[in-house]
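Open the model in a viewer and keep the sequence panel visible. The stops below are given in the order in which to select them.

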Amino acid sequence: MKPLVAVVGRPNVGKSTFFNRMIGERLAIVEDMPGTTRDRLYGDTDWNGRVFTLIDTGGLELGSGIPVGQVGLTGQPGDLMEHVMSQAHLAIEEADVIVFMVDARSGITASDEEVADLLRRTKKPVIVAANKADNAARRMDAVEFYSFGLGEPIVISSIQGVGTGDLLDRIVEELPPLSEMEEEEDEELPRIALVGRPNVGKSSLLNAILGTERSIVSAMPGTTRDAIDTEITFEDRRIRLIDTAGIRRRGRVGVGVEKYSVLRSERAIERADVAILLIDASEGLAAQDTHIAGEIHKQAKGVVVVVNKWDLAQEQRRAEREGVFPHPDDEIQSADEYRAIIAEGLKFIPYAPIIFTSAKTGYHIKPLLEAALKVADMRFLRVPTARLNEVVQEATRRHDPTTMRHKPLKIYYATQARVNPPTFIFFVNDTEGVHFSYERYLENRLREAFSFRGTAILIQFRPRS
Ligand code: GDP
Ligand code: GDP
């Protein structure tokens, strides 16, 4: 788990210059998000052995929806201030450490004061960075920033790269201790995360789940300072729902928080065994859904795809029976069509069960939890080595790997090295000789024999020593 460091401050103080310097080109996460003025908004960096995620809040479209660096159509500077304050609010909610950047050249402005007022009220660590202190005189002037009452300002010049090391030292000092960031490994509860873009119904679904019979709810702190998990009991099994606080809180801050929610869902996925990926039935499969599914796949997690708001589809069918047909643009696909759309759009996770739910009416909430638990169990399935090798032998007999490449490949034997995710090691004569399609073939044979429904499985090839 990586702690989150947010850089806030009014436009033009040099946030993105600093950010780009820290993140550089190599580690940057580039994502296209409409409405953002910059393409790079967060990325990982490390200093003295601590890795953390740095966020440039300046590029987020918040509050009035006006990107930073621009005034509103009305030309009202108020719009801009609203934006800056929204950044600060977000940082207070989401970040582990807040860097408050000001401009040593211009000194304290009214906007700075306003942000400082807000930041003084948070218990989170705040570090004042006085940027653009390019020469000795400016560095002297920067003492005025003491008056914020937020501690000693760190004097930097992002352009020259002067003082940034001191700032990083301070950031690392304020990060939560590593021990706090580590997951308590003794917990054997299945960990399930609800993920999806804003408005698909995550918080409604969470409430529907919490409302199911016999669920005993208890909140427990997650690994980062802001994460709250919820433990429920469902059909006599305890389940840990990951980062329910994030789900609850989302949506409150208004437009533009999508960026944060993407990051937040990535972190929830990281901590989960199984991700429940929500899709809005009335909207079809969006690019952002595919993106999140890709993240689940990349992290080799279990997954259940949920087509939520299914009551709207049911309502449409009822209306159709009475001769009322929707406009083609508003038409909600049938379940079969949805299965096809998902099979095509999310073809990299063909093993994912698909469930149609309504958080509103409670439709299929129980089958959803049952499916998620089954997937969690599949993650812990351990295949006996003898049985595994029978399956592998049969597979190689039916489809000889030597025909896949010019070099003859030999598979000697296979073993399951670990669970969660199920990971198989194949000992071979030549790891280079394994064609991707043959790996896929082996995966499919393993799935046929042992199911592993809903979870990624990993296959590795090692030379036999
Ligand atoms: P943001 O709106 O806070 O992200 O600010 P930018 O990073 O876009 O920077 C605004 C302007 O300040 C740009 O023209 C930068 O080149 C300039 N700038 C940033 N850091 C420094 C610095 O350390 N010294 C000087 N002199 N200019 C800087
Ligand atoms: P989140 O942003 O993913 O947490 O989404 P919310 O739970 O806040 O839901 C967004 C909107 O969709 C709200 O207006 C909900 O009432 C509505 N909604 C959520 N689930 C359903 C559902 O199953 N059916 C219908 N008709 N509306 C839903």
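Domain bounds here come from an automatic or database domain assignment. With those bounds, the protein chain splits into domain 1 (4-174), domain 2 (191-380) and domain 3 (385-463). Colour the three ranges separately before going on.

This is a predicted model, in which local features need pLDDT of at least 70, side-chain atom pairs count only at pLDDT 80 or more, and totals for chains, interfaces and linings use all residues. Residues are numbered from 1 along each chain as its sequence is written, while chains are lettered from A and ligands numbered from 1 in the order in which they are written.

**Confidence**

Colour by pLDDT, the predictor's confidence in each residue, from 0 to 100. The protein chain has a mean pLDDT of 84, and 82% of its residues reach 70 or more. Select residues 26-39: pLDDT is below 50 there, and the stretch has 28 contacts in the model beyond near neighbours in sequence. A contact is a pair of residues whose C-beta atoms, placed from the backbone, lie within 7 Å. Select residues 62-77 next; pLDDT stays under 50 over this range, with 38 contacts beyond four places in sequence. The scores for the model are ipTM 0.69 and pTM 0.71.

**Ligand 1**

Select ligand 1 and the residues near it, taking near to mean a C-beta atom, placed from the backbone, within 6 Å. There are 17 residues around ligand 1, of which Gly14, Lys15, Ser16, Thr17 and Ile159 come nearest. Helix α1 (residues 15-23) gives the most to this shell, with 3 residues. Helices (H or I, at least four residues) and strands (E, at least two) are DSSP runs, numbered from the N terminus. By class the shell has 4 nonpolar, 10 polar and 3 charged residues. Ala, Val, Leu, Ile, Met, Phe, Trp, Tyr, Cys and Pro count as nonpolar, Asp, Glu, Lys and Arg as charged, and the others, Gly among them, as polar.

**Ligand 2**

Move to ligand 2, which 18 residues surround; the closest are Gly201, Lys202, Ser203, Ser204 and Lys360. Show α7 (202-210) and α11 (310-321), each of which supplies at least two residues of the shell. The most comes from α7, with 3 residues. The shell around ligand 2 holds 5 nonpolar, 8 polar and 5 charged residues.

**Where domain 2 touches domain 3**

Which elements each supply at least two residues of the side of domain 2 that touches domain 3? They are β13 (302-308) and α13 (365-379). The largest share of that side, 4 residues, comes from α13. Its residues divide into 9 nonpolar, 2 polar and 4 charged.

**A three-stranded sheet**

Select β15, β16 and β17, an open sheet with the strands in that order and mixed pairing. Two strands pair if DSSP finds at least two bridges between them. β15 (411-418) and β17 (458-463) are the edge strands, each with a single partner strand, so one side of each has no neighbour in the sheet. β15 and β16 (residues 423-428) run antiparallel and are joined by 6 bridges. Label two of the pairs: Tyr413 has Phe427 as its bridge partner in β16, and Ile411 has Val428. Finish at the hairpin of β15 and β16, which has 4 residues between the strands; Asn420 takes a positive phi near 50 degrees there.

Technical notes. Two residues are in contact if their C-beta atoms, placed from the backbone, lie within 7 Å.
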